[in-house]
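Welcome! Please take a moment with the sequence and the 3D view before reading on.

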Amino acid sequence: MATPHIEASKGDFADVVLMPGDPLRAKMVAETYLDDPKLVNQVRGMLGYTGTYKGKRVSVMGSGMGMPSIGIYSHELFSVYDVKAIIRIGSAGSYVPELNLGDVVLTEYAWSESTYGKVRNGSDDRIKYPDSDLNAAIISTAEKLGEQLVVAPIHSTDVFYKDGGADYFKALHEEHGCACVEMESFALFHNADALGKKAACLLTISDSLVSKEEMSASDRQNSFRKMIRIALETAVNNGGTQQNG
């Protein structure tokens with residue numbers, strides 16, 4: 001059954017969906033890592049694919065930028081397409097000197113000043129948590145792959161361009177422990193919690209608000225591969241279904 005935003009049929013999505021913000025990154029993941037990827041959505045250019053990785057079904061689909069966008073897509077994937085878990089694979093800006101370009105962060109919790117939860121179902125929560133079992137699986141997977149993860153709280157914001165940004169991010173780190181910033185996880189975690197589903201968020205540091213360093217487009221493409229591999233291995237070992245036939 002299609003929705004206003006997703007044209008896929010029931011059963012087109014795997015139990016676990018990897019979700020980058022950029023739909024072109026979803027296309028890259030599908031074409032680079034999945035066997036026999038099938039395009040299952042292209043409404044509004046929000047590309048979604050399902051294929052197999054090591055013989056198990058997995059899907060990848062863009063979320064767009066910001067909480068309203070991932071709020072729509074994650075809600076429909078969870079509630080209409082029976083997706084069990086979403087692992088966000090995104091980029092983030094570092095708030096602390098300890099996080100360098102290319103580091104992979106696993107979200108411990110997302111703090112936000114957003115009104116997303118208040119509007120969605122009256123929630124006043126400022127902190128939303130990922131699924132603890134899924135986070136544990138991601139940590140275990142990274143250890144087996146020999147990849148380093150930084151587990152840290154993050155800031156999930158509605159605003160990319162903000163006046164007085166330098167003072168603001170320093171205060172957020174001091175008051176709430178936020179090590180980096182992105183724009184989607186709070187809404188994803190909120191939807192998963194409200195709908196009884198699982199969600200987690202892996203982030204690659206693509207720029208630093210401390211050092212002012214930024215990745216180039218090619219650096220982003222190559223550096224994100226570590227995060228993608230961790231997410232794929234987690235997906236197929238924790239919820240991926242065997243391909244029939």
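Here is a short tour, from the overall fold to two backbone details.

This is a predicted model, in which local features need pLDDT of at least 70, side-chain atom pairs count only at pLDDT 80 or more, and totals for chains, interfaces and linings use all residues. Residues are numbered from 1 along each chain as its sequence is written, and side-chain values use heavy atoms, leaving out hydrogens and water.

**Overall fold**
- The protein has seven helices and eleven strands, which are DSSP runs numbered from the N terminus (helices: H or I, at least four residues; strands: E, at least two).
- Its radius of gyration is 17 Å, which agrees with the value near 18 Å for a compact globule of 245 residues; the radius is taken over C-alpha atoms, and the globule rule is 2.2 Å times the number of residues to the power 0.38.
- Along the principal axes, the C-alpha atoms fill a box of roughly 55 × 40 × 30 Å.

**Inside and outside**
- Of the 245 residues, 53% count as buried (buried is under 20% relative accessible area, exposed over 50%, partly exposed in between, with a 1.4 Å probe and protein chains only).

**Two residues with positive phi**
- R44 is not a glycine, yet its phi is positive, at about 60°.
- R44 sits in the loop between β2 (35–41) and β3 (48–53), and it counts as exposed because its relative accessibility is 69%.
- K54, also a residue other than glycine, has a positive phi near 55°.
- The loop between β3 and β4 (56–61) holds K54, which is exposed with a relative accessible area of 58%.
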